[in-house]
There are 2 protein chains.
Amino acid sequence: MTVSSAGQAGQPHLDLKTPPPLPAGGLRVIALGGLGEIGRNMAVLEFDGRLLVIDCGVLFPEAEQPGVDLILPDFGVIEHRLADIEAVVLTHGHEDHIGAIPYLLRLRGDIPLVGSRFTLALVAAKLREHRLVPTLVEVAAGDDHLAGPFHCEFISVNHSIPDALAVAVHTPAGVLVHTGDFKMDQLPLDGVLTDLGAFARLGIEGIDLLLADSTNAEIPGFVTPERSIGPVLEDVFRRATQRLIVSSFASHVHRIQQVLDAADTHGRKVALVGRSMVRNMGVARDLGLLHVPPGLMVSLDEATSMPPEQVVLVSTGSQGEPLSALGRMARGEHHQVTIEAGDTIVLASSLVPGNETAVYKVINGLARLGATVVHKETARVHVSGHAPAGELRTLLNVAKPRYLMPVHGEWRHLRAHAALAEETGMARDRVLLAEDGVVVDLVDGKASITGSVPVGNVYVDGLNVGDVGEESLQERRILGDEGFVALTVVIEPSTGTIVRPVHLSTRGFSDDPTAFDEVLRLVEDNLKRELSDGQTDAHRLSQSIRRTVGKWVSDTHRRRPMIIPTVLEV
Amino acid sequence: MTVSSAGQAGQPHLDLKTPPPLPAGGLRVIALGGLGEIGRNMAVLEFDGRLLVIDCGVLFPEAEQPGVDLILPDFGVIEHRLADIEAVVLTHGHEDHIGAIPYLLRLRGDIPLVGSRFTLALVAAKLREHRLVPTLVEVAAGDDHLAGPFHCEFISVNHSIPDALAVAVHTPAGVLVHTGDFKMDQLPLDGVLTDLGAFARLGIEGIDLLLADSTNAEIPGFVTPERSIGPVLEDVFRRATQRLIVSSFASHVHRIQQVLDAADTHGRKVALVGRSMVRNMGVARDLGLLHVPPGLMVSLDEATSMPPEQVVLVSTGSQGEPLSALGRMARGEHHQVTIEAGDTIVLASSLVPGNETAVYKVINGLARLGATVVHKETARVHVSGHAPAGELRTLLNVAKPRYLMPVHGEWRHLRAHAALAEETGMARDRVLLAEDGVVVDLVDGKASITGSVPVGNVYVDGLNVGDVGEESLQERRILGDEGFVALTVVIEPSTGTIVRPVHLSTRGFSDDPTAFDEVLRLVEDNLKRELSDGQTDAHRLSQSIRRTVGKWVSDTHRRRPMIIPTVLEV
């Protein structure tokens, strides 16, 4: 369990206690994820004993969480109160906002999921794979929805996925507004703007607490419109004389739309590559969000039988995923597509922090095969989906919240967001800097941090949820860096004799199979001496082996493999 | 061993063979490192049976090389020809150019090391730590040095470390010029410019083969002068009201100079933190490269007893190294320095690819504690040391080489450099795109790729050099991602009985100690059946255990831990 730390802006409270009971008429907010990290966004609102959840996403593991597939928010705070949950409101369909829904529904399957049409379509597709049948409540911008004491009002926002919503939650304790993820593209491809008018109206009515996206708070200025990418793609298409592959996020409908448009203009057919790309674009097309000119699409099989200059492949793998189609192509291991010198590959995507090495590996692999790789550092083929500083200031000035709680960000983002709020004139004690588990109560119009609840990382590994914990991860880190040496000896305690000499098993330590020969003799000599001295306790003998080997390996190799001594008694 | 791939620009040759013997009068170039990677730069030149080495650096491992400390160039090609080496020319003092020198000198201690004063001072300090006494040959820009048949001429270049040199190697086969690392800062802090006049003169005389730094070939334009950072630091110093910490590379004398100047202006004393920072700045000061105003420096002990606003700490740790002083401060674990809300920390450094997660962890840790963190993404506190596209074009136009071999770069950089060369009018077959191990021969004025030699990664882990190989690393990757389960059983083959039931040892698989209870029974039942069927072969029984456990863990957990069955016979 993580000990939480937070505070009003500038004053971190490092030792928050369990909060006092929520006073009657108060609104409580607990972020279970997304604060102090980018991912697993999940906020729990409580009023009068009832709960409303906003988003329920996953976090992708870092190098220090080796072998883990996903990290979930810690449901510990709500798992004994599942019946109190009125609904889960989903702001949009990205994995860091919907990815943990299957795991929450395993605890209680009939929690209503409230979201926009496209968001719910993506959730439903995901839940089908988990064989779960959800209760879906479709809403649109401008709609109201009553979930117990929580009167939700939905507001259109612009993001890197269609059909994103902010939500205003009206309660007797006051009004909370959660932006979800947003930016203020003033020329959006689908014409759907972030509804500043709605934020202004709510601001005039009075927003008590604003939870707002902090991702780009460190970035100055305003977003470049998504549609500015079109001409760049046009230029790439014009120059490309051979095979052309564009990789992007499988949910970025507007980015893919621009690729389809460029393909149509330049007489190339389009094949979608990657399960999630095919699935999501199918959903987007069915819902009228993706406009596909007749006859444009071909299957990958058809595409590979066509001349390379007549087709464009639209692929997943933009984050360097080694098992993706693009990853295989970069290593020359894709069974249908072989990269040739002169091919063009476009990574029309962000470079998610932590993925740099993997992405550059793919770019280098493609470059080695002779391809020209166009990526965000060499051409403007990507714009972010999150509001930078200029837009965050604008939102604050329009919405005029009484209190701001920066969400959706690492500490550097949250603190930068707090600094922007101070710039726009908010008093320092009106900005609540919290991290996962921190409890914010809105009581009598005053919001403050009142404590924290324990939250940890819940790891998904294969079919296991929660079995792999910090202890296993620490073992993995040691094993992964140092390897292990296991020494097993069979003794007969009654006679004090070694029945079977030391058996050695080592992995990850050395390519030299004789690396431990020297210490084996040492271990056996020590064992014989101890046994002849009457020491036959298996645990003590194990400890002695560990000491002998540990000292030897440290002295002779300056290394610290995991040492696993086993003394078996027969 | 890596199978090499390379080619004239645009045509990768994927199956290069061992090159034919070097024709008499020819010059051979083999890059042992630095091509297809950023790091362990090392080129071997051969003429008339004699060898000249240019640079001998280390590569820092990536996540897929877990637990490794350093990666060396593979000396296999030269280790039987050590007596043929006339000298090692060192272009400058960065680790990726000098770091492997101790390991080369262990093979032959008296190889002359030729370099500038500062470069040799850093090498000498490093070799003292390895208890090696080198043969040093100091040269300066404009000097000539004859190393066997290699007539070396040194040229001043500007880089992110003082006293960097390019080298022109005149041989009867022709003239090879190696830029080392360089950029063309036109307002360098120390007035030392990249000597375009010398490159122009050599160009007029005729450069047969140019080896040039490709690091920033993808970046358009020209470098911003190093001295532009001064005013940014001034601004940070002016705003800082509490503790101020500036972190940078321990060899970046000009960056540190500007910090000292800002401290002097603002009446703050300076304490250096970190062993390499103290050592290198001592060397730089002794050589007159770092100008320290009298009375400016204090020890860390003195600094921590002074009011925070009267001091600036200059620290290592800018790459997020967890054990560095800054790393400890970010976690609140430094025994002398406690970060307070309102402190200012400047990371006046690049973000080396691969280090992003570690660096952001430090920034987030500091932000969590309430500090303001200024870094290259929020202010211009760093400029690169490598020539971007505009300067690379300039060099090509000035030096007019007959052939170009892009060096010092990953494939994306090498290929971008090749594209720049084509833009300036070089024919495609005049650009030699090689990677580590590829052999380039200059014969009768014509340079071409003639084959490749096997090169691999030589890993340093603790005191071991080369013991940890790809097999150990593959084991580490599996152990680190999946953990292991070891099952040991003692049997008596003569009677076909189990003497000691299965002992289970598992690490990194699950925090639940009973995770394998179910399969243990299965394993024992199978064993008993096989023994009673007369199967007593330890190897076959082990294989059977592996199959049973592997299938069970895959079916029930969808995971693949390393399975280590051991059947001991008594």
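# Legends to close-up views of the predicted model

**View 1. Overall architecture of chain A.** Of the 570 residues of chain A, 60% count as buried. The model shown here, and in every view that follows, is a predicted one. Chain A comprises 15 helices and 27 strands, and its C-alpha trace spans about 85 × 70 × 45 Å along the principal axes. Where contacts link residues at least 6 apart in the sequence of chain A, 71% of them join residues at least 24 apart. The area exposed by chain A is about 21400 Å², of which carbon and sulfur atoms supply 51%. Chain A carries 51 positive and 72 negative side chains, and the centres of these two sets lie 3 Å apart.

**View 2. Domains of chain A.** Chain A is divided into domain 1 (15-221 + 384-460), domain 2 (226-374) and domain 3 (470-569). Between the C-alpha centres of domain 1 and domain 2 of chain A there is a distance of 32 Å. Contact between domain 1 and domain 2 of chain A involves 17 residues of domain 1 and 15 residues of domain 2.

**View 3. Residues of chain A listed as "binding site", with A:His94 and A:Asp181 in detail.** An unreviewed UniProt entry lists A:His92, A:His94, A:Asp96, A:His97, A:His159, A:Asp181 and A:His408 under "binding site". These residues are spread over 317 residues of sequence, yet they cluster in space, with a largest C-alpha distance of 13.8 Å. A:His94 is placed in the loop between β6 (85-89) and α1 (95-98) of chain A. Because its relative accessibility is 15%, A:His94 counts as buried. Neighbours within four places in sequence aside, the contacts of A:His94 are A:His159, A:Ser160, A:Ile161 and A:Ser251. A:Asp181 occupies the loop between β12 (174-178) and α4 (196-205) of chain A. With a relative accessibility of 2%, A:Asp181 is also classed as buried. Beyond four places in sequence, A:Asp181 is in contact with A:His92, A:Asp96, A:His97, A:Val157, A:Asn158, A:His159, A:Asp213, A:His386 and A:His408. Among these partners, A:His92, A:Asp96, A:His97, A:His159 and A:His408 belong to the listed "binding site" of the unreviewed entry.

**View 4. A further "binding site" listing in chain A, with A:Ser251 and A:His252 in detail.** Also under "binding site", UniProt (unreviewed entry) lists A:Ala250, A:Ser251, A:His252, A:His382, A:Val383, A:Ser384, A:Gly385 and A:His386. A:Ser251 sits in the loop between β14 (244-247) and α6 (253-265) of chain A, and A:His252 lies in the loop between β14 and α6 as well. A:Ser251 is buried, its relative accessible area being 11%. For A:His252, which is buried too, the relative accessible area is 4%. Residues up to four places away in sequence excluded, A:Ser251 touches A:His94, A:Ser160, A:Ile161, A:Pro162, A:Asn280 and A:Met281. With neighbours within four places likewise set aside, A:His252 is in contact with A:Ser160, A:Glu226 and A:Met281. A:Ser160 and A:Met281 are thus partners of A:Ser251 and of A:His252. The contact between A:Ser251 and A:His94 joins a residue of this listing to a residue of the listing in View 3.

**View 5. Surroundings of A:Phe60.** A:Phe60 is located in the loop between β4 (50-54) and β5 (70-72) of chain A. Apart from residues up to four places away in sequence, A:Phe60 touches A:Leu70 and A:Glu95. A:Phe60 and A:Ala421 are separated by 361 residues in sequence and, from C-alpha to C-alpha, by 29 Å in space.

**View 6. Positive phi values at B:Asp48 and B:Asp444.** In chain B, B:Asp48 is placed in the loop between β3 (42-47) and β4 (50-54). Its phi is near 55°, a positive value in a residue other than glycine. B:Asp48 is exposed, with a relative accessible area of 64%. B:Asp444 is found in the loop between β21 (438-443) and β22 (446-452) of chain B. The phi of B:Asp444 is near 55°, again a positive value in a non-glycine residue. B:Asp444 counts as exposed because its relative accessible area is 78%, the cut-off for exposure being over 50%.

Notes:
Residues numbered from 1 in each chain as written. Chains lettered and ligands numbered in written order. Predicted model: local features only at pLDDT ≥ 70, side-chain atom pairs only at ≥ 80, totals over all residues. Heavy atoms only, no water. UniProt positions renumbered as here; feature names shortened; annotations may be inferred. Helix = DSSP H or I, 4+ residues; strand = E, 2+ residues; numbered from the N terminus. Buried < 20%, exposed > 50% of the residue type's maximum accessible area, 1.4 Å probe, protein only. Contact = heavy atoms within 4.5 Å. Areas by Shrake-Rupley, 256 points an atom, 1.4 Å probe, with all protein chains shown as cover. Lys, Arg positive; Asp, Glu negative; His and termini not counted. Charge placed at Lys NZ, Arg CZ, Asp CG, Glu CD. Domains from an automatic or database assignment.
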